[in-house]
Amino acid sequence: NALVTRQSAWRRVVAMAVQSGVGVPGMSNSLAYFDSYRRHSLPANLVQAQRDFFGSHTYQRTDKPESEWFHTLWSDAQSADSITTSGYTN
């Protein structure tokens, strides 16, 4: 694959541009996408935690079976749970 064989040069160009203060958003974002695309598991834990905090969504953990889903009550006062379930506790 041409991208794989040329990725070291691609990384050097992006690094040199960043060190020189030159914005190369297309090249740096495409490199980040290339790195993410090739990974087996992506670091989406922050996004999952934010979704769970703001909307009472659930999340999966990589150290547990795929069939298990988790939800955390992040804060009694500020999470979506305190808003959406407040009527149920009265």
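How many helices and how many strands does the secondary structure of the protein come to? In this predicted model, the count is 4 helices and 0 strands, and a reader who follows the sequence from its beginning meets the pattern α-α-α-α. Of the 90 residues in the protein, 14% are buried. Among the contacts in the protein whose separation is 6 or more, 27% are made by residues that stand 24 or more positions apart.

A good place to begin is the pair formed by helix 1 and helix 2. Two packed helices are described by the angle between their axes and by the distance between those axes. Helix 1 covers residues 2-19 and helix 2 covers residues 25-38, and their axes come within 11 Å and cross at roughly 140°. An angle over 145 degrees would count as roughly antiparallel, and the two helices are therefore described as oblique to each other. The crossing of helix 1 and helix 2 is, in addition, left-handed.

Which residues make this contact? On the side of helix 1 they are L3, V4, Q7, W10, R11, V13 and V14, while helix 2 contributes M27, S28, S30, L31, F34, D35 and R38. When the residues in the contact of helix 1 with helix 2 are sorted by class, 8 are nonpolar, 3 are polar and 3 are charged.

Within this contact, F34 deserves a careful look. This residue lies in helix 2, and its relative accessible area of 9% is under the 20% limit, which means that F34 counts as buried. Leaving aside neighbours within four places in sequence, F34 is in contact with L3, V4, Q7 and W10. For L3, one of these partners, the C-alpha atom is separated from that of F34 by 8.8 Å, although the two residues are 31 residues apart along the chain.

Another of the partners of F34, namely W10, leads to the aromatic rings. A pair of aromatic rings is described by the distance of the centres and the angle of the planes. A search of the whole structure finds 3 aromatic pairs; in one of them, the rings of W10 and F34 have their centres 5.3 Å apart and their planes at 40°, so the pair is tilted. Why does this pair tie together parts that are 24 residues apart in sequence? The reason is that W10 lies in helix 1 whereas F34 lies in helix 2. Both W10 and F34 are buried.

Other residues of helix 1 add to the picture. Q7 lies in helix 1 and is buried, with a relative accessible area of 17%; not counting residues up to four places away in sequence, Q7 touches F34 and R38. V14 also has its place in helix 1, and with a relative accessible area of 9% V14 is buried. When residues up to four places away in sequence are again not counted, V14 touches M27, S28 and L31. The C-alpha atoms of V14 and V24 are separated by 7.1 Å, with their positions 10 residues apart along the chain.

Is V18, which lies in helix 1, buried or exposed? At 57% relative accessibility, V18 is above the limit of 50% and therefore counts as exposed. From C-alpha to C-alpha, V18 and S28 are 9.1 Å apart in space, and in sequence they are 10 residues apart.

The last stop lies further along the chain. Q60 is found in the loop between helix 3, which covers 45-55, and helix 4, which covers 80-84. At 31% relative accessibility, Q60 falls between the limits for buried and exposed, so this residue counts as partly exposed. Leaving aside its neighbours within four places in sequence, Q60 is in contact with Q48, E66, E68 and W69. The C-alpha atoms of Q60 and Q48 are separated by 8.5 Å, and these two residues are 12 residues apart along the chain.

Note on methods. Residues numbered from 1 in each chain as written. Predicted model: local features only at pLDDT ≥ 70, side-chain atom pairs only at ≥ 80, totals over all residues. Heavy atoms only, no water. Axes fitted to C-alpha atoms, helices over the stretch in contact; angles between N-to-C directions. Parallel < 35°, antiparallel > 145°, perpendicular 65-115°, else oblique. Left-handed = near helix turned anticlockwise from the far one by under 90°. Contact = heavy atoms within 4.5 Å. Nonpolar A, V, L, I, M, F, W, Y, C, P; charged D, E, K, R; others polar. Phe/Tyr/Trp six-rings, centres within 6.5 Å; stacked < 30°, edge-to-face > 60°. Buried < 20%, exposed > 50% of the residue type's maximum accessible area, 1.4 Å probe, protein only.
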